[in-house]
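Please take me through this structure one selection at a time, telling me what to pick in the viewer and what I will find there.

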Amino acid sequence: MYLSADTLDDLLIRVYKRLLRRRGAAEINPSKGQATELNGVLLHIRQPRARLSRTERKGTFFSCLGEFLWYLSGTDEVAFIEYYIRGYDKFSDDGKTIFGAYGPRLFGQNGTNQVENVITTLKARPDSRRAVIQLFHGEDLAADIAARRKDIPCTCTLQFSIRSGRLHLLVMMRSNDAYMGLPHDVFAFTMLQEIVARSLKVELGSYKHAVGSLHLYATNTRDAEAYIEEGVQARVEMPPMPYGDPTPSIRKLLKAEQSIRAGRFPALGALDPYWADLARLLQVFRISKRRPTLENRKRVVRIKKEMHSDIYETYILKRELRMARHAESLEPLLFDKAELDAQQAPPSV
C-alpha cells in the first residue's frame, strides 16, 4: 500500500481513514493490546519540513523536540526523556537506561558514529547506495524470549541518497503505532535528514517511511476519529535550517537544553536565530511546567515576543492557555490532552 501527501497532517488523515475503515486491514492482539493493522505500507511526504501537526489533537511539538534532542545527545538515560515524555521508565531494564535508545546507536555505540559515516560516505561518493544507518541489530531479538529486553528499536534502517542534488531519506520500520509514534518519528527523522543535507551542502529531498506493521490500537480509535473531525489544517513548514555545517549549533543547543532542563536559562545570543528559537521553545516548556503564577505567564509572553519565526506561535499559545486554565492551582501542572497522548508510551511501539 502506498500513501502520499504534502504534509504530516495530510498524511495522518489518509492513514487514519484507511485504518478506521478496516478495509484490507487485519485485527491483531499483540502484547500492548488489540489493534487494527495494515501490513507493508509505504508512506511518502513530499514536503519534509511540514513535519509538525497543526491540530489540537496531535500538536505535540514539545515532546517531539525533546525526543529528538535525546537522540542527538547520544544518551540512553531515562531521566532525560522522562522530562519530556513520562512513562518511559517502564521500558527500562535497570531503571536508569533504555536498551533500545536511538542516540547511542546513531552517534557512537561501540565507537561507531553512523551519522558521521553516512555524511563521509556521501561526500566521497554522492551516488552511493551504502549510506545506511542500522538501528535494529540482530542481537536485539534474543533467542531466549525470557531474556529479551523491555525495549528494542522499532526502526530498522535509515537510507540516505542524493539524487538530482537533493537528499532523500527512506526509513524502514518493523512496527509503527500510527497514532502515538508516527508523528514523532516523522519529526525526528526529517530533522535528521535536514541536518545531513546541510552537512552535505545539498537541498532537502522527499521523505519515505516504509512500515511492516502500521497499526492503530483500539484505545486510540476515538482519538483518531476526533483528529479527522478537526479537518484539514494550514499547510505550514518549519523554517529551513541555516546553510553550512550544523554541528557547532547543535552542540550549543544541546548545552542550552541541559541548562534549561535543570532550571537555568542561558544567554542565546551565540545561536543562529533558527536554533535560538528552538532553545526559547525549551524555555517555554520549562516555565509552563512550573506553577502558573502571573510572573511565569508573563515570562512566556516575553519569550514569545523574542521568537524569530511565528510558525511556533500556536504551540506557545497552547502552553499559555494551559497555564491560564490552571492559574488558581497550587500544584504542578498536568500535561494537556495532546501532551498526555504523546507521553503514554515510547513512540514507534
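Begin by selecting Ser 213, which has its place in strand S7, residues 203-217, and keep in mind throughout the tour that the model is a predicted one. Ser 213 counts as buried because its relative accessible area is 10%, and the cut-off for buried is under 20%. If you display the side chains, you will find that those of Ser 213 and His 215 are joined by a polar contact of 3.1 Å. Leaving aside residues up to four places away in sequence, you can then add the residues that Ser 213 touches, which are Ile 28, Glu 37, Leu 38, Arg 174, Ser 175 and Asn 176.

Next, move to the loop between H6 and S7 and select Lys 201. The phi angle of Lys 201 is near 60 degrees, a positive value in a residue other than glycine, and Lys 201 counts as exposed because its relative accessibility is 75%. A second residue to look at in this way is Ser 164, in the loop between S5 and S6, where phi is positive at about 55 degrees although Ser 164 is not a glycine. With a relative accessibility of 79%, Ser 164 counts as exposed.

Now select helix H5, residues 114-124, and colour its buried residues, which are Gln 114, Val 115, Val 118, Ile 119 and Leu 122. On which side of H5 do they lie? They are on the same side of H5, because the arc that they cover around the axis is only 145 degrees. Turning to the other side of H5, you will come to Lys 123 and Ala 124, which are exposed. To see what covers the buried residues of H5, show the surrounding elements, among them helix H4 (102-107), strand S4 (132-134), strand S5 (155-163), strand S6 (166-177) and helix H6 (182-200). Before leaving this helix, look at its start, where a side-chain oxygen of Asn 113 comes to within 3.3 Å of the backbone nitrogen of Val 115.

For the next view, step back to the whole chain and colour it by its domain assignment, which gives domain 1 as residues 2-230 and domain 2 as residues 246-329. The C-alpha centres of domain 1 and domain 2 are 25 Å apart, and 20 residues of domain 1 are in contact with 21 residues of domain 2. Between domain 1 and domain 2 an area of about 2000 Å² is buried, and carbon and sulfur atoms give 71% of it. On the side of domain 1, select Arg 54, Phe 62 and Tyr 83, which lose the most area to domain 2 and together make up 36% of what that side buries.

What kinds of polar link cross this interface? Four residue pairs are found in polar contact across the interface of domain 1 and domain 2, whereas the rule finds zero salt bridges there. Helix H2 (61-73), helix H3 (78-84) and H6 each supply at least two residues of the side of domain 1 that touches domain 2, and the largest share of that side, six residues, comes from H2.

The last selections are salt bridges, of which the structure holds 14. Start with Arg 280 and Asp 277, whose closest N and O atoms are 3.6 Å apart in a salt bridge. Arg 280 and Asp 277 are separated by about one helical turn, because they are three residues apart in helix H9, residues 273-288, and both Arg 280 and Asp 277 are buried.

Go on to Glu 320 and Lys 304, which form a salt bridge with their closest N and O atoms 2.7 Å apart. This pair links distant parts of the chain, with Glu 320 in helix H11 (residues 313-325) and Lys 304 in helix H10 (residues 294-306), 16 residues apart. Glu 320 is buried, with a relative accessible area of 17%, while Lys 304 is partly exposed, with a relative accessible area of 25%.

Then select Arg 302 and Glu 295, whose side chains meet in a salt bridge of 3.1 Å, N to O. Arg 302 counts as partly exposed at 43% relative accessibility, and Glu 295 counts as partly exposed at 42%. End the tour by selecting Arg 49, Arg 51 and Glu 194, which are linked in a network of salt bridges.

Key. Residues numbered from 1 in each chain as written. Predicted model: local features only at pLDDT ≥ 70, side-chain atom pairs only at ≥ 80, totals over all residues. Heavy atoms only, no water. Buried < 20%, exposed > 50% of the residue type's maximum accessible area, 1.4 Å probe, protein only. Helix = DSSP H or I, 4+ residues; strand = E, 2+ residues; numbered from the N terminus. Arc of directions from axis to C-beta. Contact = heavy atoms within 4.5 Å. Polar contact = N/O pair within 3.5 Å; in protein donor to acceptor, adjacent residues only side chain to side chain. Domains from an automatic or database assignment. Buried area = accessible area lost by both parts, 1.4 Å probe. Salt bridge = Lys/Arg side-chain N within 4 Å of Asp/Glu carboxyl O.
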